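The following exercises concern the architecture of one protein chain. Each task is followed by a solution that proceeds step by step.

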Amino acid sequence: MKNHPVRGLNRRNFLNYSAGATVALHAGLVAAPSSVLAAESLMSKTPAPKPLKLPHTIEQLGFRRTDDYFWMKDDNWQAVLRDPSAIKADVKAQLIEENAYTKALLKPTEALQTTIFEEIKGRIKEDDSSVPAPDGVWEYYVRYNIGGQHPINARKPRSQDKISSETVPFAKIPADEQILLDEDAAAKGHEYYSTATTTHSPDHTLYAWAEDTQGSEVYKIYVKDLATGQVLGKPVESATGDFVFTPDSQHIFWTFRDDNGRPSKLYRRPARGGEDVLVYEETDPGFFMGVGLTSDEQFILISINDHETSEARLIPAKTPTAAPVVVEARHTGVQYSVDHWDDRFVILTNADGAVDFQIMTSSAAVPARSTWKPWIAHRPGIYVTGFGLFKGHMVRTERENANSRIVITRKADHSEHEIAVKEEAYALGLGGSLEYDTTVMRYTYTSPTTPAQTYDYDMTTQQKVLRKTQVVPSGHNPADYVAKRLYAKASDGAEVPVTVLMKKDTRLDGSAPLLLYGYGSYGISMEPTFSVSTLSLVNRGFIYAIAHIRGGTEKGYNWFLDGRKFKKKNTFTDFIAAAEHLIAKGYGAKGRIVAQGGSAGGMLMGAIANLRPDLWGGVIGQVPFVDVLNTMSDTSLPLTPPEWPEWGNPLEDKVAYEYIASYSPYDNVTAKAYPPVLATGGLSDPRVTYWEPMKWASKLREYTTSGSPILLKINMEAGHGGASGRFDRLKETALNYAFAIWALDKGWTKPA
């Protein structure tokens with residue numbers, strides 16, 4: 001229910017082939033070569049880049065700091081996001097040199113990269129498709145062609161089959177299929193292509209999509225007449241990708257993305273083309289905005305929030321030109337989300353001390369807080385993560401101790417039952433529905449050993465039907481693997497859940513290489529899901545682990561609060577505690593662990609590399625948020641004001657300045673023996689700008705005393721999520737895996 005824009009990796013929700021970015025290592029690691037061989041090593045024959053140092057002094061709140069690599073930030077970064085060719089010549093030259101250096105050092109791994117890529121690709125059903133979602137007389141779905149990088153959005157006439165044990169999963173392309181949007185075709189001629197919202201109008205006559213062709217998350221929205229195939233009117237420009245049709249299909253509401261990358265305005269325009277009308281403007285740069293419909297389609301819903309405060313505004317769907325009405329004015333620290341259930345509003349909120357959230361109702365015309373009545377009470381440690389409404393049922397999702405569950409409530413009598421699973425580590429998720437007046441909900445189940453399964457579940461009869469099991473064409477036997485849930489004791493006594501995946505016959509004597517993944521920010525939970533990528537790791541004898549550290553919500557909302565702002569260091573020490581616990585239990589060994597994290601998890605990588613460089617055999621920071629002090633002091637950046645509640649405001653608060661300065665990875669690089677590091681980024685990334693990994697890698701290389709390589713790879717045609725094509729993304733994964741193998745094998749010391 002929460003829609004916070006975060007520094008997290010974007011993923012499509014259609015077909016989840018590789019849940020989470022992971023790293024593969026190698027079972028056959030060899031000892032370090034002699035000093036004689038080292039003298040002839042690849043690294044000694046490949047000089048590392050030495051970026052120019054131009055000391056830049058920054059004075060702030062009475063503090064002074066010097067940044068030698070400040071010049072790497074392009075002052076014209078807003079233009080670069082929209083046109084990467086506008087990058088400064090000296091910055092571009094440095095990035096080209098860095099990419100060439102990384103390519104040269106990792107050249108001996110190119111065959112391995114290809115092997116791993118083919119392995120992962122072989123586990124993907126190339127002509128896969130989603131289970132069709134019924135809506136009226138149609139069923140909507142996405143599918144892929146063999147070799148296709150991007151999905152095809154399509155529909156077919158609705159099957160009259162009811163949910164039953166005879167229901168057959170969708171497989172063959174129906175003869176009466178209607179293609180709505182062929183993203184493979186649309187992507188031709190673009191190095192990058194991705195869509196955000198893609199949807200049909202409620203009357204099924206129009207189809208609209210938001211597309212980004214450079215990874216900057218600046219979208220254009222197109223509307224197509226499905227009868228004629230013609231695109232109507234001019235596309236919406238400079239959009240966030242967030243939009244919704246009104247229930248009568250006559251208008252669309254969309255959010256504008258300003259030059260600082262923020263959704264600052266909400267517009268309405270005729271669905272078939274016409275002038276845009278400003279509906280609402282958010283003047284506080286610390287708040288983000290989204291638009292949608294209530295479940296019963298009676299209201300257009302405007303959601304406004306930062307990381308600790310929210311506000312909702314409503315427009316009656318029958319009068320879409322009316323001015324929006326505030327549900328409850330924003331109050332710092334109070335979060336709520338609202339939906340409408342025919343005769344009442346349902347509110348999910350942390351108000352009145354409900355740290356793990358509670359559900360309330362209101363029958364008022366405008367459901368102000370004074371009208372909220374308790375329904376599902378707050379239960380400490382059981383985090384209510386969201387809910388969905390159907391005509392006769394409510395479905396809510398909860399998380400407790402790093403595992404999830406789904407609870408179904410009947411509207412007529414408030415009776416409840418839940419969908420529960422007995423595995424140690426697993427993930428349940430709502431699959432979404434296009435229909436409101438139905439008794440059938442869709443959910444997914446997966447675990448580290450179990451490929452994703454999609455079920456249709458009748459909430460009245462409690463009958464479930466398996467509609468799809470993720471196919472692994474190259475073969476997968478869950479019985480060959482073991483998934484476990486361990487608990488590591490943190491420095492303050494907190495128990496940190498750790499999910500472990502390994503082959504059943506892997507020995508727990510410390511001999512197996514270990515990959516430890518972590519995130520720990522924004523309340524995002526790292527779900528223990530199945531990944532076709534991690535099999536390339538585990539099948540080589542590796543142990544793969546996820547540390548469910550504070551800063552996420554795996555153990556409730558307090559788990560998040562204990563890892564944010566002035567408690568942020570708990571995130572880093574939890575990760576170290578997880579590594580030490582795994583070592584103590586024989587799951588790994590000091591110096592033979594590769595740590596990996598992306599985005600805010602990349603900040604984690606920078607911090608743990610500074611704190612305990614001796615633990616890691618390698619560190620992979622993907623789009624790493626490492627220049628925290630500078631970024632949180634730059635109000636022009638898209639996510640800075642909205643994220644002051646998360647990190648603190650170092651422009652106005654001396655305590656926040658000092659605390660951020662004490663852990664900011666870039667600012668705390670000092671002379672020590674750093675492990676091999678691979679930092680990656682995207683030139684068009686609006687969330688973690690390219691100069692963060694660039695500056696981090698430059699400073700690490702300057703200060704490290706180990707002689708281990710520091711590598712930087714910037715994708716010059718992508719943004720925060722990396723390459724857009726499903727197979728191109730796999731190549732990036734294969735590169736990370738190969739680096740990890742190379743790092744533990746000390747490949748840079750080999751003869752050139």
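**Exercise 1. The eight-stranded sheet**

Task: Describe the open sheet that contains β30 and β37, and state which strands stand at its edges.

Solution. Step 1: In this predicted model, eight strands with mixed pairing make up an open sheet, and their order is β30-β31-β33-β32-β34-β35-β36-β37.
Step 2: The edge positions belong to β30 (481-489) and β37 (710-715); each has a single partner strand, so one side of each is left without a neighbour in the sheet.
Step 3: On average, neighbouring strands of this sheet are turned by 20° against each other, direction ignored.
Step 4: One pairing within the sheet may be examined in detail. Strands β32 (residues 514-518) and β33 (residues 543-547) run parallel and are joined by five bridges. Leu514 has Ile543 in β33 as its bridge partner.

**Exercise 2. Helices on the sheet**

Task: Determine which strands α9 lies across, and which strands α14 touches.

Solution. Step 1: Helix α9 lies across β32, β34 (593-598) and β35 (616-622), and α9 runs at about 145° to β34.
Step 2: Helix α14 (residues 726-744) packs on the sheet and touches β34, β35, β36 (677-682) and β37. The direction of α14 makes about 160° with that of β35.

**Exercise 3. The packing of α8 and α9**

Task: Characterise the packing of α8 with α9 by angle, distance, handedness and residue class.

Solution. Step 1: Two packed helices are described by the angle between their axes and the distance between the axes. For helix α8 (residues 569-584) and helix α9 (residues 600-611), the angle is about 65° and the axes are 10 Å apart.
Step 2: Angles of 65 to 115 degrees count as roughly perpendicular; α8 and α9 are therefore roughly perpendicular to each other.
Step 3: The two helices, α8 and α9, cross in a right-handed manner.
Step 4: From α8, the residues Thr571, Phe572, Phe575 and Ile576 take part; they meet Met603, Leu604, Met605, Ala607, Ile608 and Leu611 of α9.
Step 5: Sorted by class, the residues of this contact are nine nonpolar, one polar and no charged.

**Exercise 4. The packing of α4 and α14**

Task: Carry out the analysis for α4 and α14, and decide how the two helices are oriented to each other.

Solution. Step 1: Helix α4 (residues 110-122) packs with α14 at an angle of about 130°, and their axes are 8 Å apart.
Step 2: This angle places α4 and α14 in the oblique class, and they are therefore described as oblique to each other.
Step 3: The crossing of this pair, α4 and α14, is right-handed.
Step 4: On the α4 side, the contact involves Leu112, Gln113, Ile116, Phe117, Ile120 and Lys121. Among their counterparts in α14 are Phe727, Leu730, Tyr737 and Ile741.
Step 5: The contact of α4 with α14 comprises eleven nonpolar, two polar and two charged residues.

**Exercise 5. The packing of α3 and α13**

Task: Give the geometry of the pair α3 and α13, and name the residues that make the contact.

Solution. Step 1: Helix α3 (residues 89-105) and helix α13 (residues 691-703) have axes 12 Å apart and pack at an angle of about 60°.
Step 2: The crossing of α3 with α13 is left-handed.
Step 3: Val91, Gln94, Leu95, Glu98 and Tyr101 of α3 make the contact with Met694, Ser698 and Arg701 of α13.
Step 4: Four nonpolar, two polar and two charged residues belong to this contact.

**Exercise 6. The four-stranded sheet**

Task: State the strand order and the pairing of the open sheet of four strands.

Solution. Step 1: The order is β22-β23-β24-β25, and the pairing is antiparallel.
Step 2: β22 (383-389) and β25 (416-419) are the edge strands, each pairing on one side only.
Step 3: Neighbouring strands here are turned by 25° against each other on average, direction ignored.
Step 4: Strand β24 (residues 403-410) runs antiparallel to β25, and four bridges join them. Val407 has Glu418 in β25 as its bridge partner.

**Exercise 7. The surroundings of Arg344**

Task: Locate Arg344, and list its contacts beyond the neighbours within four places in sequence.

Solution. Step 1: Arg344 is found in the loop between β18 (336-340) and β19 (345-349).
Step 2: Although Arg344 and Ser363 are 19 residues apart in sequence, their C-alpha atoms are 4.6 Å apart in space.
Step 3: Leaving aside neighbours within four places in sequence, Arg344 is in contact with Asp339, Ser362, Ser363, Lys411 and His414.

Conventions. Residues numbered from 1 in each chain as written. Predicted model: local features only at pLDDT ≥ 70, side-chain atom pairs only at ≥ 80, totals over all residues. Heavy atoms only, no water. Axes fitted to C-alpha atoms, helices over the stretch in contact; angles between N-to-C directions. Parallel < 35°, antiparallel > 145°, perpendicular 65-115°, else oblique. Left-handed = near helix turned anticlockwise from the far one by under 90°. Contact = heavy atoms within 4.5 Å. Nonpolar A, V, L, I, M, F, W, Y, C, P; charged D, E, K, R; others polar. Pairing = 2+ DSSP bridges.
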